[in-house]
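These are my notebook entries on a single chain, written while I went through its helix packing, its cysteines and a few backbone details.

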Amino acid sequence: MHTLALDIGGTKIAAGLVDSTGSLVHSARRPTPTGEVWAVVEAMIADGVDTAGGAVGGVGVAAAGPVDLAAGTVTPINIASWQGFPLLDRVAAAVPGVPVRLAGDGVCMALGEHWRGAGQGADFLLGIVVSTGVGGGLVLEGAPYHGRTGNAGHVGHVVVDPDGQPCSCGGRGCVETVAAGPSMTRWARANGWSGTDALALAEAARAGDPVAVRAFERGATALAAMIASVAATCDLDLVVIGGGVAKSGEVLFDPLRAALACYAGLDFLGGLRVVPAALGGDAGLVGAARLVPSVT
């Protein structure tokens with residue numbers, strides 16, 4: 001019997017069926033609407049159950065946060081209509097009689113990579129998504145680490161520049177203000193680059209454009225500072241980085257690893273590895289399925 005997995009974010013909503021080995025055997029994606037979001041989620045749940053032949057063994061839900069695991073609610077920064085939205089209860093009502101588990105999307109990304117992706121075999125893992133924002137999640141001692149409220153691993157809001165730019169979280173100088181795709185693009189344009197987005201910025205950096213190269217170096221340095229701090233706190237052995245900006249490849253990873261060598265000076269961090277994610281956009285679905293007892 002398959003597990004139904006959902007991955008709900010501000011840009012897209014994904015649903016899939018995952019078997020007991022962690023293989024995604026069916027998936028569907030729709031843009032997140034600006035209006036009624038639950039109606040889309042509910043329709044995708046119904047489609048998933050129908051594709052599974054009318055029965056699933058459980059439902060795992062990855063959701064943009066913040067989340068409140070005790071209450072089963074979510075308040076995504078990028079879904080304005082969901083403020084304290086009772087997502088766990090809504091999903092449970094849509095698929096009655098089976099276990100339903102909820103977690104933040106960063107935790108699910110990390111868990112998916114740990115189960116079936118680039119994080120296999122690592123016991124202390126940080127998963128990072130570098131895209132329009134910077135998100136993350138932790139797998140510690142081989143298990144997802146949710147923290148007190150379910151929001152552990154929000155590494156995009158580790159402060160790397162106390163006098164830096166204001167952040168959407170209400171803070172200042174978060175790594176997201178430097179390393180997210182739009183942040184790097186804004187800096188590059190302010191310094192004379194004439195392109196439009198992070199994809200074009202990566203292409204320019206690969207071609208040797210000095211402003212684009214510097215934009216990636218700044219972003220990579222901010223990520224490295226954050227990674228070193230989290231690795232020292234959690235005694236990590238592996239960092240897996242996914243998301244659209246991570247697809248830039250070595251224009252990001254080369255300066256990141258160079259900067260990390262400067263920041264991660266403690267002896268016990270000497271074996272820390274940083275690798276690209278392997279599952280792409282499917283990691284959240286696979287990780288959400290892993291939350292459900294029927295597939296553990």
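Entry on Asp-235. I am working from a predicted model, and I began with Asp-235, which counts as partly exposed because its relative accessibility is 43%. I located Asp-235 in the loop between H7 and strand E11, the strand being residues 238–242. What drew me to Asp-235 was its backbone, since the residue has a positive phi of about 55 degrees although it is not a glycine. I noted for context that most residues other than glycine have a negative phi.

Entry on Glu-141. I then looked up Glu-141, another non-glycine residue with a positive phi, here of about 55 degrees. Glu-141 sits in the loop between strand E9 (134–140) and strand E10 (143–145), and I record Glu-141 as exposed because its relative accessibility is 67%, the cut-off for that class being over 50%.

Entry on the Gly-65 to Pro-66 bond. Is this peptide bond cis or trans? I found the bond from Gly-65 to Pro-66 to be cis, with omega near 10 degrees, and I placed Pro-66 in the loop between strand E4 (58–63) and E5.

Entry on Ala-70. I followed the chain to the loop between strand E5 (67–68) and strand E6 (73–74), where Ala-70 has its place. Ala-70 has a relative accessible area of 82% and is therefore exposed. I also checked Ala-70 against Trp-38, which is 32 residues away along the chain, and found their C-alpha atoms separated by 21 Å.

Entry on H7 and H8. At what angle do the axes of these two helices cross? I read that helix H7 (residues 210–234) and helix H8 (residues 250–263) have axes that come within 8 Å and cross at roughly 45 degrees, which makes H7 oblique to H8. The crossing is right-handed. Among the H7 residues that meet H8 I listed Phe-216, Leu-223 and Ile-227, and the H8 side of the contact includes Val-251, Leu-256 and Tyr-263. The residues of this contact divide into 14 nonpolar, 1 polar and 1 charged.

Entry on H6 and H7. I next took helix H6 (residues 198–206), which packs with H7 at an angle of about 110 degrees, the axes lying 7 Å apart; H6 and H7 are therefore roughly perpendicular to each other. H6 passes H7 in a left-handed crossing. In H6, Ala-198, Leu-201, Ala-202, Ala-204 and Ala-205 meet Ala-212, Val-213, Ala-215 and Phe-216 in H7, and I sorted the residues of this contact into 9 nonpolar, no polar and no charged. Phe-216 thus appears in the contact with H6 as well as in the contact with H8.

Entry on the cysteines. How many disulfides does the model contain? My count comes to 0 disulfides, and Cys-169 is in none, the nearest cysteine sulfur being that of Cys-167 at 3.7 Å, whereas a disulfide would require the sulfur atoms to be within 2.5 Å. Cys-169 is partly exposed, with a relative accessible area of 38%, while Cys-262 counts as exposed because its relative accessibility is 66%.

Entry on Ser-183. I closed with Ser-183 in helix H5 (residues 181–190), which is buried because its relative accessible area is 8%. Setting aside neighbours within four places in sequence, I found Ser-183 in contact with Glu-176, Thr-177 and Val-178. Ser-183 and Thr-132, 51 residues apart in sequence, are 8.3 Å apart in space, C-alpha to C-alpha.

Terms used:
Residues are numbered from 1 along each chain as its sequence is written. This is a predicted model: local features need pLDDT of at least 70, side-chain atom pairs count only at pLDDT 80 or more; totals for chains, interfaces and linings use all residues. Side-chain values use heavy atoms; hydrogens and water are left out. Axes are lines fitted to C-alpha atoms, for helices over the stretch in contact, and angles run from 0 to 180 degrees between N-to-C directions. Helices (H or I, at least four residues) and strands (E, at least two) are DSSP runs, numbered from the N terminus. Angles under 35 degrees count as roughly parallel, over 145 as roughly antiparallel, 65 to 115 as roughly perpendicular and the rest as oblique. A crossing is left-handed if the near helix is turned anticlockwise from the far one by less than a right angle, and right-handed if clockwise. Contact means heavy atoms within 4.5 Å. Ala, Val, Leu, Ile, Met, Phe, Trp, Tyr, Cys and Pro count as nonpolar, Asp, Glu, Lys and Arg as charged, and the others, Gly among them, as polar. Buried means under 20% relative accessible area, exposed over 50%, partly exposed in between (1.4 Å probe, protein chains only).
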